[in-house]
Amino acid sequence: MVIVAAGSGSRLGAPVPKAYVKVGGKTLLQRAIEPVLALAEPVEIVVVASREWSDDADAICRSISPNWDDIMVVEGAADRHESVGNGLAALSESVKYVLVHDAARPFAPVSLFASVAAEVRRTGEGVVPGLAVTDTIKRVDAGRAVETIDRSQLAAMQTPQGFPLHKLRDAYNASPQSMTDDAAVYAAAGHPVHIIDGDPLAFKITTPADLDRAESIVGPTHAVQATRTGIGIDVHAFDSAQPLWLGGVLWPGEPGLAGHSDGDAVAHAICDALLSAAGLGDIGGRFGTDAPRFEAARGEVFLRETLALVTDAGLRILNVSVQVIGNRPKLAPRRAEVEAVLSAVLGAPVSVSATTSDGLGFTGRGEGIAAIATALLAT
Ligand code: CTP
Ligand code: MG
């Protein structure tokens with residue numbers, strides 16, 4: 001099995017080469033290899049990767065294969081044709097049949113690999129999965145339709161494509177020009193290529209729209225399984241002898257909040273929401289808020305320490321939302337500033353809102369402030 005992953009993915013335009021783009025938390029390369037490991041028969045796997053990304057390819061292979069020795073990573077080249085050639089050269093002489101597959105087709109099912117392999121063995125010739133073309137196809141020239149092509153004679157080629165190894169190697173060695181699929185190289189050497197039914201799931205990710213389609217295939221399950229939500233509430237009484245620190249910023253001229261630390265109810269509620277989402281308890285239990293090292297400590301100190309705990313637990317903050325309940329200070333004029341400060345500390349979007357309690361309760365009487373926060377984490 002040769003899996004080519006050395007392309008740059010220029011049409012996708014992602015910040016990393018296509019094979020290392022993730023869908024539902026897994027790279028395309030990992031998804032392309034996984035069905036091969038599920039095949040009944042033992043398979044020698046060669047992954048073709050660009051030199052700059054070969055360490056990443058190694059790490060992916062090692063993480064998914066219980067028997068890492070089965071997978072070899074070899075260097076790719078400037079075009080797919082040459083990359084495949086490098087992959088074929090690396091296979092052992094004892095290998096009789098080879099399947100060549102694009103890492104850019106992450107959902108090709110095990111059944112497709114098995115059917116192609118079985119058909120190669122049966123025919124002793126090239127086998128390619130193809131899908132009937134459903135759109136009307138026209139030949140165009142400079143933006144003008146020139147002619148309609150009979151689509152009943154057309155099929156869209158997919159991978160994996162299977163061949164007797166030695167015939168395909170010879171065909172590659174003899175090939176006078178670069179071609180975009182292996183069947184074309186094989187046919188150019190005069191060998192027959194059989195077409196079997198392809199699978200819509202074996203589509204290739206080429207453009208951002210293809211990536212959206214891929215996300216929609218794995219997206220919902222992934223989102224449900226991989227997030228955790230949490231809630232936190234904090235209350236502090238006003239103490240006009242103190243400066244007011246709220247939401248990580250100083251509010252000159254406003255009465256402060258009482259507490260062993262700086263009384264920043266917004267920061268503390270966020271810490272509790274994060275700890276609760278992570279299943280790590282609460283701020284009192286984690287930090288002992290009465291501990292000497294937290295005397296007069298800024299809310300930011302608790303936020304940073306909480307972030308470290310959450311990160312150490314292998315979790316990532318997706319977003320935080322916090323609401324302040326109280327008569328003062330007026331949040332609106334500085335809301336953007338508070339959001340920016342908190343978002344920067346946590347490295348994730350924090351939204352801040354405020355309300356009064358319509359004159360009711362301790363917040364309505366102006367005795368103190370309450371803050372309620374929620375947090376969403378990704379596992
Ligand atoms: N491929 C390769 N070596 C190359 C070019 C392509 O191994 N020099 C691989 C790609 O990694 C991909 C498969 O061939 O798995 C199909 O190619 P394509 O979809 O064209 O991928 P890219 O060349 O990476 O994308 P683009 O053409 O948009 O740059
Ligand atoms: Mg390409």
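Reader: Where in the chain is the place of L12?
Author: This is a predicted model, in which local features need pLDDT of at least 70, side-chain atom pairs count only at pLDDT 80 or more, and totals for chains, interfaces and linings use all residues. Residues are numbered from 1 along each chain as its sequence is written, chains are lettered from A and ligands numbered from 1 in the order in which they are written, and side-chain values use heavy atoms, with hydrogens and water left out. With helices (H or I, at least four residues) and strands (E, at least two) taken as DSSP runs numbered from the N terminus, L12 belongs to the loop between β1 (2-4) and β2 (22-23).

Reader: Is L12 buried or exposed?
Author: The classes are set by relative accessible area with a 1.4 Å probe and protein chains only: buried is under 20%, exposed is over 50%, and partly exposed lies in between. The relative accessibility of L12 is 9%, so this residue counts as buried.

Reader: What is the distance in space, C-alpha to C-alpha, between L12 and R121?
Author: Along the sequence, L12 and R121 are 109 residues apart. In space, the separation of L12 and R121 from C-alpha to C-alpha is 35 Å.

Reader: And what separates the C-alpha atoms of V193 and V120?
Author: V193 belongs to strand β12 (residues 193-197), and with a relative accessibility of 29% this residue counts as partly exposed. V193 and V120 are 73 residues apart along the chain, while their C-alpha atoms are separated by 9.7 Å.

Reader: How many salt bridges does the count come to?
Author: Side chains of opposite charge can pair when their charged atoms come close. The rule applied here asks for a side-chain nitrogen of Lys or Arg within 4 Å of a carboxyl oxygen of Asp or Glu. By this rule the number of salt bridges is 16.

Reader: With which residue does D182 form a salt bridge, its closest N and O atoms being 3.1 Å apart?
Author: D182 has a relative accessibility of 0% and therefore counts as buried, whereas its partner counts as partly exposed because its relative accessibility is 21%. The closest N and O atoms of this salt bridge are 3.1 Å apart. The pair links distant parts of the chain, 102 residues apart, with D182 in helix α6 (residues 182-188) and the partner in helix α3 (residues 80-90). The partner of D182 is R80.

Reader: Which residues are linked with R80 and D182 in a network of salt bridges?
Author: The salt bridge of D182 with R80 is part of a network of salt bridges that has two further members. Those linked with R80 and D182 are D102 and R105.

Reader: How far apart are the closest N and O atoms of R328 and E254?
Author: R328 lies in the loop between β15 (316-325) and α11 (335-346) and E254 in strand β14 (residues 249-257), so their salt bridge ties together parts that are 74 residues apart in sequence. R328 is partly exposed because its relative accessible area is 38%, and E254, at 22% relative accessibility, counts as partly exposed too. Between R328 and E254, the distance of the closest N and O atoms is 2.8 Å.

Reader: What is the N to O distance at which the side chains of E367 and R365 meet?
Author: With a relative accessible area of 40%, E367 is partly exposed, whereas R365 is exposed, its value being 55%. Their side chains meet in a salt bridge whose N to O distance is 2.7 Å.

Reader: Which residue is joined to P160 by a cis peptide bond?
Author: P160 is part of the loop between β10 (155-157) and β11 (161-164). The cis bond that leads to P160 has an omega of about 10 degrees, and the residue joined to P160 by it is T159.

Reader: What is omega near in the cis peptide bond from R328 to P329?
Author: P329 lies in the loop between β15 and α11, which is also where R328 is placed. For the cis bond from R328 to P329, omega is near -5 degrees.

Reader: What is the relative accessible area of D358?
Author: D358 is a residue other than glycine with a positive phi, near 60 degrees, and its place is the loop between β16 (350-355) and α12 (361-364). D358 counts as exposed because its relative accessible area is 70%.

Reader: What value is phi of A296 near?
Author: A296 sits in the loop between α9 (283-287) and α10 (299-312), and its relative accessible area of 47% makes this residue partly exposed. Although A296 is not glycine, its phi is positive, near 60 degrees.
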